Amino acid sequence: MRRTHFPKAFTPDLGWADVTPKPLFMNRRALMAGGAAALAAGALPRAALAAWEDDWTGGEEIAASRFSTDEEPNSLDEITNYNNFFEFGTGKEDPARNADALTTEPWEITVDGLVENPGTYDLAELVGGLPLEERIYRLRCVEAWSMVIPWVGFELRTLLDRIGVRPEARFVGFETLVRPEEMPGQRRGILEWPYRDGLRLDEARNPLTIMATGLYREPLPNVNGAPIRLVVPWKYGFKSIKSIVRITLTEEQPVCTWNQQNPREYGFYSNVNPNVDHPRWSQATERRIGGGLFNSRQPTQMFNGYEEYVADLYAGMDLSEHF
Ligand SMILES: Nc1nc2c(c(=O)[nH]1)N[C@H]1C(S)=C(S)[C@@H](COP(=O)(O)O)O[C@H]1N2
Ligand SMILES: [Mo]
């Protein structure tokens, strides 16, 4: 089903009213353009969307967050030249070489499964008006390196509310674009495409879980998963799936690419945990990219340092069994 507008019940013009009490998240220009134009048109109009998109380039008016780390972020250069994005090759520098060729406009996302408002939406229609924040998060790759990245995005739960999750749903799954013409890694059988990952619904609704659309207050670079990717900072990086084109709500645990590939090495949960080693290497420490030769090795933190916000999600679970 192809939708060009949201059903009335959650037209984005309601979204603009909702953000009014939170002017910190939106610059004034965007609010005024949105408000005035929404009255005239009755739906989130182009001008308002453009203003909202401006917001992630609007710099200082995007709110800081209490969830941000005060650790020094990695440089944009580091964040965009040392990547895992197997659709563009397996080398850390392959994405920087190949990902610029990806066309990210137009971009459609299919929403299906146990939702009130299934359909295929233009990206701006799906996410326009959701409140953006800067989130400076640690990123811990399962390969035992780490970075600090200043994302801009919105909480996934705000999008889940917009698409209307049905009560039977227990998980949310995501898929990355398949476009071998622009993704050279997909012309080889490196992984089973599309790249897929997913979360339990309570993990997805945790306020730390964001959909990132920007980085360093600029639109998301292609190498980092433009135009929109998941960021789950307490889990190994591979859970944070890039360049998303499909969101599916399910009763059953969704297939996750790395878990499917090698369930002994990559669990469905994949929470960062210094006490549960990868079968082939220790997870006790990590190498901070850009940390210098002698200064870069540091202890891995439980849940990547986000324990106070997420430990409750796993109360009573044996974390070495449910790894
Ligand atoms: N579609 C897709 N998403 C992906 C990957 C990938 O290969 N394909 N790699 C994952 C891994 S292993 C990591 S560590 C992070 C890296 O994110 P970054 O390049 O923005 O730092 O993206 C994750 N998301
Ligand atoms: Mo990773």
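This is a walk through a predicted model, from its overall make-up to its core, its rings, its ligand site and some unusual backbone spots.

Start with the whole chain. The protein has 323 residues, and 58% of them count as buried. It contains 10 helices and 12 strands. Take the contacts between residues at least 6 apart in sequence: 73% of them join residues at least 24 apart.

Next, the interior. In soluble globular proteins, nonpolar side chains tend to be buried together. Here the largest nonpolar core has 80 residues. Leu-159, Met-211 and Leu-249 have the most contacts inside it. Strand β4, residues 145-155, supplies the largest share of this core, 6 residues. Look at Leu-159 in detail. Beyond four places in sequence, Leu-159 touches Leu-126, Val-127, Leu-130, Phe-154, Met-211 and Ile-247. Met-211 thus appears again, as one of the residues with the most contacts inside the core.

Stay with strand β4 for Met-147, which is found there. Met-147 counts as buried because its relative accessibility is 2%, and the cut-off for buried is under 20%. Setting aside neighbours within four places in sequence, its contacts include Asn-74, Glu-78, Ile-79 and Tyr-82. Tyr-137, Arg-138 and Leu-139 are also among them, as are Arg-288 and Ile-289. Gly-290 is 143 residues from Met-147 in sequence, yet their C-alpha atoms are 8.2 Å apart.

Strand β3, residues 133-140, holds Glu-133. This residue is charged in name but buried in place, with a relative accessible area of 13%. What does the side chain of Glu-133 make polar contacts with? One partner is the side chain of Ser-65, at 3.3 Å. Another is the side chain of Arg-135, at 3.0 Å.Now the rings. The structure holds 11 aromatic pairs. In one of them, Phe-238 and Tyr-266 have ring centres 5.5 Å apart and planes at 85°, so the pair is edge-to-face. Phe-238 lies in the loop between β9 (229-231) and β10 (244-250), and Tyr-266 in the loop between α9 (257-261) and β11 (285-288), so the pair ties together parts that are 28 residues apart in sequence. Phe-238 and Tyr-266 are both buried. Phe-268 and Tyr-269 form another pair, with centres 5.1 Å apart and planes at 80°, so this one is edge-to-face too. Both of these residues are buried. Ring pairs also join Phe-268 and Tyr-269 with Phe-171, Phe-303 and Tyr-314 in a cluster.

Charges sit over some rings. The charged end of Lys-239 lies over the ring of Phe-268, 4.4 Å from its centre. The charged end of Arg-138 sits over the ring of Tyr-306, 5.1 Å from the ring centre. Arg-138 is also one of the residues in contact with Met-147.

Turn to ligand 1. It has 19 residues around it, and Asn-83, Phe-86, Glu-87, Thr-176 and Lys-242 come nearest. Glu-87 places a polar side-chain atom 2.8 Å from a nitrogen atom of the ligand. Ser-240 contributes a backbone N or O atom, 2.9 Å from a nitrogen atom of ligand 1. Arg-229 has a side-chain N or O atom 3.0 Å from an oxygen atom of ligand 1.

Some loops deserve a stop. Pro-274 is in the loop between α9 and β11. It counts as buried because its relative accessibility is 17%. Its C-alpha atom is separated by 4.3 Å from that of Ala-284, 10 residues away along the chain. Outside its neighbours within four places, Pro-274 is in contact with Gln-283, Ala-284, Thr-300, Gln-301 and Met-302.

Finally, the backbone. A cis peptide bond joins Glu-105 and Pro-106, with omega about 0°. Pro-106 is in the loop between α5 (94-98) and β1 (108-113). Trp-193 and Pro-194 are also joined by a cis peptide bond, again with omega about 0°. Pro-194 lies in the loop between β5 (171-176) and β6 (196-200). Ala-144 is not a glycine, yet its phi is positive, about 75°. It is in the loop between β3 and β4, and at 6% relative accessibility it counts as buried. Ser-243 also has a positive phi, near 45°. Its place is the loop between β9 and β10. Ser-243 is buried, with a relative accessible area of 0%.

Note on methods
Residues are numbered from 1 along each chain as its sequence is written. Chains are lettered from A and ligands numbered from 1 in the order in which they are written. This is a predicted model: local features need pLDDT of at least 70, side-chain atom pairs count only at pLDDT 80 or more; totals for chains, interfaces and linings use all residues. Side-chain values use heavy atoms; hydrogens and water are left out. Rings of Phe, Tyr and Trp (its six-membered ring) pair if their centres lie within 6.5 Å; planes under 30 degrees apart count as stacked, over 60 as edge-to-face and the rest as tilted. Helices (H or I, at least four residues) and strands (E, at least two) are DSSP runs, numbered from the N terminus. Buried means under 20% relative accessible area, exposed over 50%, partly exposed in between (1.4 Å probe, protein chains only). A charge sits over a ring if NZ of Lys or CZ of Arg is within 6 Å of the ring centre and within 35 degrees of the ring normal. A nonpolar core is a set of buried Ala, Val, Leu, Ile, Met, Phe, Trp, Tyr and Cys residues joined through side-chain atoms within 4.5 Å. Contact means heavy atoms within 4.5 Å. A polar contact is a pair of N or O atoms within 3.5 Å; within protein, one must be able to donate a hydrogen and the other to accept it, and residues adjacent in sequence count only if both atoms are side-chain atoms. A residue is near a molecule or strand if one of its heavy atoms lies within 4 Å of it.
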